[in-house]
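Let's take a walk through this one, from the overall fold down to a couple of odd backbone angles. Keep the viewer open as you read.

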Amino acid sequence: MEIAAGIASKIGEYLVEATVHQVRYLFCFNSIVDDLKNEEINLKLSEDRIKQEVEREKRNTKEPEKDVEKWLMDVYNVVAEVQKLKEDIQVNKSTFLNGWCPNLGRRYQLSRKAAKKTLIMAKLQDRGKFDKVAHLKPLQGIQISAPRDFMSFAATKLGSDQIIEALKDEMTMMIGMYATGGAGKTTLANMIGNEVQEQKIFDEVVKAVVSQNPNLINIQDQLAASLGLMFEEKSSLEERAKRLYLRFTDTDKRILIILDDVWAKLDLATIGIPFDSDYKRCKILITTRRQHACISMGCQLRFPLNTLNEEEGLALLKRHAGVNDGDFSMNDVAKEVASECKGLPLAIVAVGSALKGKGINEWKQCRKN
Ligand SMILES: Nc1ncnc2c1ncn2[C@@H]1O[C@H](COP(=O)(O)OP(=O)(O)O)[C@@H](O)[C@H]1O
Ligand SMILES: [Mg+2]
């Protein structure tokens, strides 16, 4: 009996509450419409602010967060609905003003709709408090630069064929390419990086130049930039290493890490580069002037990069000096100058560029006396 009475009184409360709302929809029409308009103004101000923030971030090569994009879309839709509702309300008001008896049923409906939309906009306003509106676009997939006038020589072809074949092997984890300075190691490593990505042997290729006095933080920065990874500001070498390691390993992607210009053993774990037999998706290609660096780093395979033969050296020299193949008067002296460069692309390119447009006498000065 008591339970029945309780239920009855609860139903009564609901009915009273519902009736209060209905009465409000009818008699507080104007203030409900004012609330709608105010909430719309507030929401549009938030929308403008978020849009401006997104535009600013886009200029910094960032892309909007998914929830921000959805919020902007929701705001766009609700603002369009409110616009339509305001037009309907205007029609209803003008009917009344023209001396017609207002249609109370229609007014009730509009009032109810307006109250609902006000509530939806208030909720959207609450959802629009974002910590950050955008994140940096990942840079992966961007081609590593190779010289515009790259030429394929016997040595580069052999080197790239051997290295790419070795990288396909499940068991290979680290490969070394060694040759004297200026032989074309960096150029070839870049070409290989592009090639393995094109051939879909790797999903991502990242690169860092190590150099004679390695700076581990700088190496981490280079790797992170190619991965589109952001470190927390002021994070330590160890924290950054953990984040890098996680980025390399917590993915299905096959990643080639090119470490260019290595001089001595580098502590990969300290940087955050995975190098263990359990984890086979990441492989490493190092380039070095010192064959011994390949051994101390633990490269399973080591490939020398040979210098150019006479014919190739001459072709590269002529190209950079702008000498035509038909210009036989230069042939002998060009051959001599090319052989002075000992088949090293760096020397050939430098001498060729310096001799561009120069006469035979300047060429003769570059020969061995
Ligand atoms: N295959 C090539 N085709 C054209 N130019 C090349 C080639 N290899 C090297 N070079 C030229 O030689 C220069 C030195 O090569 P690089 O790769 O930097 O040598 P390394 O890394 O062995 O010191 C490059 O800047 C480029 O101008
Ligand atoms: Mg180099």
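The protein's secondary structure adds up to 14 helices and seven strands, where helices (H or I, at least four residues) and strands (E, at least two) are DSSP runs numbered from the N terminus. Bear in mind that this is a predicted model: local features need pLDDT of at least 70, side-chain atom pairs count only at pLDDT 80 or more, and totals for chains, interfaces and linings use all residues. Residues are numbered from 1 along each chain as its sequence is written, while chains are lettered from A and ligands numbered from 1 in the order in which they are written.

Now for ligand 1. Around it sit 17 residues, with G184, K185, T186, T187 and P345 coming nearest (near means a C-beta atom, placed from the backbone, within 6 Å). The elements giving two or more residues to this shell are α6 (185–198) and α13 (345–354). Why does ligand 1 lie between domain 2 (154–304) and domain 3 (310–365)? Because both domains give residues to its shell; the domain bounds come from an automatic or database domain assignment.

Two residues are worth a look for their backbone. K200, in the loop between α6 and β4 (204–209), has a positive phi of about 60° although it is not a glycine. K200 counts as exposed because it has 8 C-beta neighbours inside 10 Å (12 or fewer is exposed, 20 or more buried, in between partly exposed, with C-beta atoms placed from the backbone). D261, in strand β5 (residues 255–262), also has a positive phi of about 60° without being a glycine, but its 19 neighbours make D261 partly exposed.
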